[in-house]
Amino acid sequence: MSRYPDPNYGGSIPNPPQQGSIGTPYGQNAVGPDMTMAQPPMQPQGTSLLHQRPLPPEASAGLQQQQPPMYQPQADVNSIASGMSNIGLQDSSAPQNYPAPAQPYPAPEQPYGASTQPYGASTQPYGTSTQPYDASTQPYGAPAQPYGASDYGGQRPAAYGAPATYQQGQAPGMPSLEPQMYPQQPQEPLGSPAVGEPALPRPTAIEPACGSKREIYNSVADGSAPGVGPPPASRNDFIGVDTGSCTPRFMRLTVNSIPVDSSMQGTSSIPLGLILTPFADPEPGEAPVLDVDLTTAGGGGPLRCPKCNGYANPGFRFVDSGNKFYCNLCGQENDTPSEHMCATNPANGLRLDIDYRHEFRYGSVDYIVGNKDYFATDPTPPHFVVCVDVSASGISTGLAAVAVQSVQSILEANALPGGSSGAKIGIITYDQSLHFYDGRGDGQARVQYVPDTSDPFIPIGPEAFFQPPERAISVIEMISNTFSLMDPSQLKGGPPPSGNALGAAVVAAKQALSEIGGKVFVVTGGIPSVGSGKLERRGGGSVSSEEREKALLKDETPFYDDLGSQMAELQISVDMVIATQQPYVDAASLLRLPRASGGRGFLLTNFDYRKDDVSVRKILVNAIWGVRALDAMVKVRASKGLETGEYMGSFGRPQRRNDVIAPVMGVDSVMALELKHDGQIQTNLGGGSMMSSSAFANNVCIQCAILYTDLAGRRRIRVHTMFPPKTTVLQDTFRSADLDAVVAIMCMRAANAAFSGSRVLSKVREALIEKTAHILFVYRKFCNPPKSQSTKLVLPETLKLLPVMILGILKSAAFRPQPSGQNLGVVSTDERAAALLFLSTARPQDITTFAYPRMVLLSQLDEFAGFPRTPQDGFPPEGEPIALPASVPLSSEFLADERMFLVDNGLRLVLWYGKSCSSELLQEIFDTSTGVYRLRLGEGIPFIRSKNCLLKRFRMNEFLLPTKRLAAFRLTIEGQGEIAMRISAIITRILESKSNLTQVIVAPSGSSDGAEQNQYLPLLIEDKNIALAQSGWSYKEFLKVAHRRIMDKMAQERAQKDFQAWEMLGYQ
Amino acid sequence: MNFSELEERDGLRWSALIWPWSRLEATRSVIPFAAMYTPLKNLQNMPPLLRYEPVNCKTCTTLLNPYCRIDPNQKIWMCPFCSGRNPIPPQYSEIAQNNLPAEQIFTTVEYMLPRPMAPPPAFVFVLDTCVSDAELRVAKESLMKAISLVPPETIVALVSFGKNVNVHVLGFTDSVKSYVLRGDKDYTSQNIKDLLNLGIIGSQAVQGGQSVAVQGATRFLQPISECEFMFTSVLEDLDKDPWPVKQNQRPKRCNYTALSVAVALLESSYQGYGARVVALLGGPPTQDPGKVVKLELGDTLRSHADIERDYAPFYRKAVKAFDTIATRAVNAGHTIDVFSCSLDQVGLYEMRSCVDRTGGYFVTSEAFSHPMFKKSFEMFFKSNAEGKLNMGFQGSMEIHCSREIKIAGVIGPVASMNKSGNNVSQEVEYGIGGTNTWRLCSLDPSTTLSAYFEVVNQHSSAFREGQYRYVQFVTKYQHADGTYRCRVSTNAGLWTEGSNINQVRSSIDQEAAAVLVARLSVWKTENEEAFDILRWLDRKLIHMCSRFATFGETKEAFSLPVNLSLYPQFMFNLRRSQFLQVFNYSPDETAYYRSYLNRENTENALLMIQPTLISYNMSSPPAPALLDVSSIKPDSILLLDTFFYVIVFCGERIAQWRKAGYHEDPQYAALKALLEAPKDDAASIIEERFPYSRYIEADEKGSQARFLLAKLNPSISYNNEEQVGQQSLIYTDDASLQVFMDALKEQAQQSVQNS
């Protein structure tokens, strides 16, 4: 069966990757017309990026499918070098000093930590080079700055005489403790793919090969101890299979081996916590969470431990022929209630009904409950309120038109969540007064204005206000007519008022939903200027000092925070879209509303209807469509010895000590929480050992239960359970650390601190750097290689990307320091607040992409890029996601005039191309016939801005609704050139995967509107950025900073020890 | 003297035409020195409109009148009020004894002042939507009917309310749009203006490059000719208040805020021009401010007893709240009319100042579908022969009087304009005093004020025979056609020596006096704390009798002159009337009845005090019958007109005949005629009356008969039942007129003997 049923692909059908085929250097296998890559001297780019291929089977023997290669271990030296970046210390005179790669993969039987063989030894001590590194003029070829030469090399050459080494780890899933050290080597002549210095660790290294099969990740492998290593990176494609423990799709732990007690946890320094995305949609090929319907069976509740209230899970151990069971959370022995009674199989101790009782078999289940214990009030179908700004700031920018059209298209597509089961929607528009629409009756809807915005209220009863989708459409039409949204110049009665009563609109929405709960979507084009929640323009312009910025990040008035909390209490959540042309809208105050109510906030500055309408549409459509659970309450339980700590992420407020109100949850809802020890972790509590369930029973159990109302108005409980092993070995925590979760928790915590205004940003940055250094220091100290290597920078395999991720975060809009006296890189307080809110509510994959954007080369597509991935055996090819090209390091060194790159940081997608980019390619993907750059995407979906373009309405339903998206894609890529088609597919895939990501910004090299300067270049986080002062470190410099700190800590500790030893002498 | 002749000439009825000269004697006359004045009375003999400005006295501002002495030679005229000398203005240069202007001939004239026309009158309809769908439909139909009746240039606005107040946009819009204000919030007037953006909101360019200020209020206030379609579609779309009403609860209603908003709407844009707020209420306000009862149906509306004993927790607050609205309306010169259509009370008692002080009307009925409401509402908007509304606006009445008397106050649908002058009494105050000018926010031909005066001459001051006292009423108002008018009535009366009782006695108008006393007693009972009004009335009556009656040796010798003979009976009926007796009447009813007593003319007011009873029978033509239970005869039909309702009451036998269907038999055409005659008469009474009278048909011993019996003198009650056998009787403990008269004679005699 062909993977490419479309004959239009013609002769350019690429061969599907073969198992065992080894990638060849790019130049030998070029598919694209762009041959620039074949000219090595000009191109510093690591060609290796383009020819990663699935490992030969023999290389991955015993490792199952789980190792995307970072380099080809047994291959020739060229391929090794190709896995490394070209950036680094370079010495063109000494290429021969390159050592052969050391053993990269331990044999399966080899015990961890045994191999310490490093890659070669450095020949370049610190401080010997005299030529300073200057990236701007001599990116390559010149000897780079020696490690620490300019900073501290002169002072302490002896202590840091040896170059730092970067550990080049092994495949995830089979981590090794051996630090593999690479000397910092000078580079071969530029562009030579054959020789290179060891790579700086980059996310590229953890990406599976382009077009390869998706990894199948079994949450519990084969009945053995689950979770030996970290799960696949969240930004990679994989198929998670629930084999008894919930998949990383729903829950990720920072470490997958839990330190056994607090002292060990304290030593380990990796934050212990988990990230929940409990309502994530399954990827194609993944099974949905299974339902356990309890409403039919007499209305009883699920089986729970009477002592700790834990829910049934595969770790419940039944004894006494099923008459009793042990709870794996608290160890209590309980009588099995009669309705859950089932005999056990004496052979394996399993219940005989195990095949029918999902809760005893799977890590994730969804109970449908009829038992009144789980109802606070009668569940209702979802109720939505949309608040649209029709003041001058909303009308004249076109925002209101886009907003109501978005809602209309959702309604017309029958895509309102719960729409078929009685969901209703109410619409409030507001300017200086609030407008309500009474949609009852047959005639036209009636508008009611509430001018009293200081004391707002709902003027019409709920029956009149909330309408089913079909009536709501007519209400929207009426709104369009009333305010002449399509053509504001036709507005009767003069220009729209300038007052903006956003706060009052939300208060009214709160009143409307106060008895039923629900979701509110607020769209505003400006700062609220009248009535309740009115804000002063206290900021804007340049931020003079850190203290000033800290004050501005605090809310001006507690109004929005309080309102959000009150709404959360009433089971109402707010999403807010701020799309404005105003220079300052006090987003720091406004965004506290979504933050406190468990919603999300979006900020679009310099909003222009003509280019940004798609963004608003997408945000709104995704936000509405993505709602999954209402009236939700979250509770996390863990084995004896662990308790829950601080909660972070998008939810309302902790209600009692450990319960969290999450008014409304959707596919993107994220919650993070820290776990704390309150004693030794105890597992395998009570009862005799059982054969089959021991894997579960001996491990720690972490269970998240969410009581919620689904879209059909049924009460449900979703339970995700994980069984990480506990450990007493510190190395295990590093070996099982999950980079995504660690970065996410660190970012959330930092963002919360900054957003709350309790710390100036420099302190937060410092804390992030320090924490990073400390983690690495602990690794260095306790899991260290022989002392001979002690001065090298050693990175644990699982966390080798931690420094670059943290660097990216530091350079992001969330934490970037304000440049002094320059415009470049200035972050407005609004953007800062939005970025901080984003960080504290984003999914792990969004955070890592935000930290280290994914940049792909479009001018020379990888062979498989833009086509669906190779299907797994037994999976239909239709569900396979589009393969993205391998990512490219984020360094300006890779920019070249012939190239075209696409960078995605989760918030925007930037398309950059050089001055001499091939005109054929440009013509392929841009529609220049109208003088407008327009990427041909999907059915002529116009995506791209230009200064004067007017965009057509685009057809969104196929595009944005995931249920239809793949089919739509296949329909719409017909009839275009192959390259454009593949690029469309890539862009479409990226856009679809991120709800925040809304548009493609075209930033050609040297663009006059500053798009390149402002949008593109700041994303190149590996560059040294002078404008960014302290955080303007290049990647390498940052590693040096981290290394120095580690060394400082080591030295400090050694000095302390020496001192203590000396002191001790005195007592003898 | 013919009192009605005077009334026909000037619209005036004095309690007595000739008055004792001194203060002491005047006080001893007991009857108040006062007049009933109907400023807009249609006077047959009034000269045509005088289309020029009146001439006034420089000293006392009194207008030129027939009592002024003209000296054509010196070109001066003498003001009879202040004896001031004024030059005759040039336009009167032709004046001579045989060539006098109308104002020099007629005691009542009306000027049409040469001023720019006022804009057409405005009506703000305030509609309660907390009623049943059927009721609301009828109310809406009535509104539609109303706007079809009034002249098309009339300005209208629509405010509907329930839990909240909706102000409907009638101009500049395609869609059905309204502004909503919270029902339970006490907005200040300025608040409302700001919230509804009633100021000038911008300018609209018109041809020629000029820009015209667009009043924010014009969105709500539009001429019918412009907004009829919009008004109709708004009304069509208007549904019952959408807020759910819990079982056992009243709907949430915000009568106060609705009125307040309506008044604010007019205040901002129609200050100083004629406008009325027409409120259609379906129930009591249950929301603060202005709340009169709790939401729970279990909480019943306050009764008089509750108010007296201070068991009405919301009463004072509500009165205070509505008083503020009244004050605002008066200041802007606007009127509030209340049509209440509810079985239960709606809180009229609390809002009476809004209506009474602004010259508005109360109309009550059980439902919007009841003819009482429908007909009254239609009549209210009826235009006169000229196609104009039958009402005047923005009126003010000033009283000038000669030096011997001072103004004690006015009772009627007016408000004080607080204009003091040296003709204002400092010592006594009857009704609204302390001013010589009153505001009549609206007035119509039936609006009748009672003006009370005080004689200030000392007993010792010299009296000259044939001396006159002068009183001039100057009423300025805005006519419904937009012109400004000024009606002037000047009256002169003789003084008499104090001892000359006969002269006074013969000049007493007992009907006017009874009404004047009735109004005064109502005023006192409403405004004076812990006032025993019946005792006061009795004392006054006894004093009056002892002053004016003639006494003999026996009781039977007691007699009153003809022109006073009915006065005790009026007082007897007044004592028993709903105006003073609150037992069995709800506060709302009391407010309603008193409101009409205080605004109708002498004849109607007297009708309210003492209804007329006409007896129809086969043997004789219809004749007035005694207002006595003994008038009930089995073979006669009675027609009782109490102003508020009209009862046709069939005697027992006639009722039996009718039930047997004899009247349908051509042989008994006479019976048929007899049955129809009172009905026709009733119909013609009702036709003319505003508010539409309740029409009741009753049979003797039928359930409806109680309406009649309540008004009859209980000469036969169960106390003396044995004596009368089969005769109808009234179950009451009230004293009969006979008992009352006997006691009166006794007391009067005693009083004379004691003095």
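How many salt bridges does a search of the whole structure find over all chains? The search comes back with 76. Keep in mind on this tour that you are looking at a predicted model.

**Stop 1: a charged pair in chain A**

Start by selecting Glu286(A) and Arg249(A). They form a salt bridge, and the closest N and O atoms are 2.6 Å apart. Glu286(A) sits in the loop between strand S5 (273-276) and strand S6 (290-293) of chain A, while Arg249(A) sits in the loop between strand S2 (238-241) and strand S3 (251-253), so the pair ties together parts that are 37 residues apart in sequence. In general, side chains of opposite charge can pair when their charged atoms come close.

**Stop 2: the domains of chain A**

Now colour chain A by domain. Domain 1 takes in 383-626, domain 2 is made of 738-850 + 1033-1067, and domain 3 is made of 853-943 + 964-1023. Show domains 2 and 3 of chain A together: 14 residues of domain 2 are in contact with 15 residues of domain 3. About 1,100 Å² is buried between these two domains of chain A, and carbon and sulfur atoms give 58% of that area.

What does the count of salt bridges come to across this interface of domain 2 and domain 3 of chain A? Zero. There are, though, three residue pairs in polar contact between domain 2 of chain A and domain 3 of chain A (both at pLDDT 80 or more). To see who reaches across, select helix H18 (802-811) and helix H20 (844-851) of chain A, the elements that give two or more residues to the domain 2 side. H18(A) gives the most, with four residues.

**Stop 3: where the chains meet**

Bring chain B into view next to chain A. Here 23 residues from chain B and 24 residues from chain A make the contact. Together the two chains bury about 2,000 Å², 50% of it on carbon and sulfur atoms. Pick out Val180(B), Arg182(B) and Pro242(B): these supply 26% of the area that chain B buries against chain A, more than any other three residues.

Which charged pairs cross here? Four salt bridges are counted between chain B and chain A. One to click on is Asp455(A) with Lys185(B), a salt bridge whose closest N and O atoms are 3.5 Å apart. The polar contacts between chain B and chain A number 13 residue pairs (both at pLDDT 80 or more). Strand S11 (residues 177-181) of chain B is worth highlighting too, as five residues from S11, the largest share of the chain B side, touch chain A.

**Stop 4: the domains of chain B**

Hide chain A and colour chain B. Domain 1 covers 3-114 + 391-504, domain 2 covers 122-380, and domain 3 covers 611-712. Keep domains 2 and 3 of chain B on screen; their C-alpha centres lie 39 Å apart. Where they touch, 10 residues come from domain 2 of chain B and eight residues from domain 3 of chain B. The buried area between these two domains of chain B is about 760 Å², with 73% of it on carbon and sulfur atoms.

How many salt bridges are counted between domain 2 of chain B and domain 3 of chain B? One. Select Glu366(B) and Arg694(B) to look at a salt bridge with its closest N and O atoms 2.5 Å apart. Then highlight helix H10 (residues 371-380) of chain B, which gives the most to the domain 2 side facing domain 3 of chain B, with six residues.

**Stop 5: two sheets in chain B**

Switch to a cartoon view. First find the open sheet of four strands in the order S1-S3-S22-S19 (chain B), with antiparallel pairing. Strand S1 (12-14) and strand S19 (405-411) of chain B stand at the edges with a single partner strand each, so one side of each has no neighbour in the sheet. Neighbouring strands of this sheet are turned by 25° against each other on average, direction ignored. Further in, four bridges pair strand S3 (residues 34-37) with strand S22 (residues 449-455) of chain B. Zoom in on Ala35(B), which stands opposite Ala451(B) in S22(B).

For the other sheet, select S4-S5-S6 (chain B), three strands in that order, open and antiparallel. Strand S4 (69-71) and strand S6 (85-87) of chain B are at its edges. Strand S5 (residues 76-78) of chain B is joined to S6(B) by three bridges. End the tour at Trp77(B), whose bridge partner in S6(B) is Asn86(B).

Definitions and conventions:
Residues are numbered from 1 along each chain as its sequence is written. Chains are lettered from A and ligands numbered from 1 in the order in which they are written. This is a predicted model: local features need pLDDT of at least 70, side-chain atom pairs count only at pLDDT 80 or more; totals for chains, interfaces and linings use all residues. Side-chain values use heavy atoms; hydrogens and water are left out. Two strands pair if DSSP finds at least two bridges between them. Domain bounds come from an automatic or database domain assignment. Contact means heavy atoms within 4.5 Å. Buried area is the accessible area (1.4 Å probe) that two parts lose on being put together, summed over both. A salt bridge is a side-chain nitrogen of Lys or Arg within 4 Å of a carboxyl oxygen of Asp or Glu. A polar contact is a pair of N or O atoms within 3.5 Å; within protein, one must be able to donate a hydrogen and the other to accept it, and residues adjacent in sequence count only if both atoms are side-chain atoms. Axes are lines fitted to C-alpha atoms, for helices over the stretch in contact, and angles run from 0 to 180 degrees between N-to-C directions.
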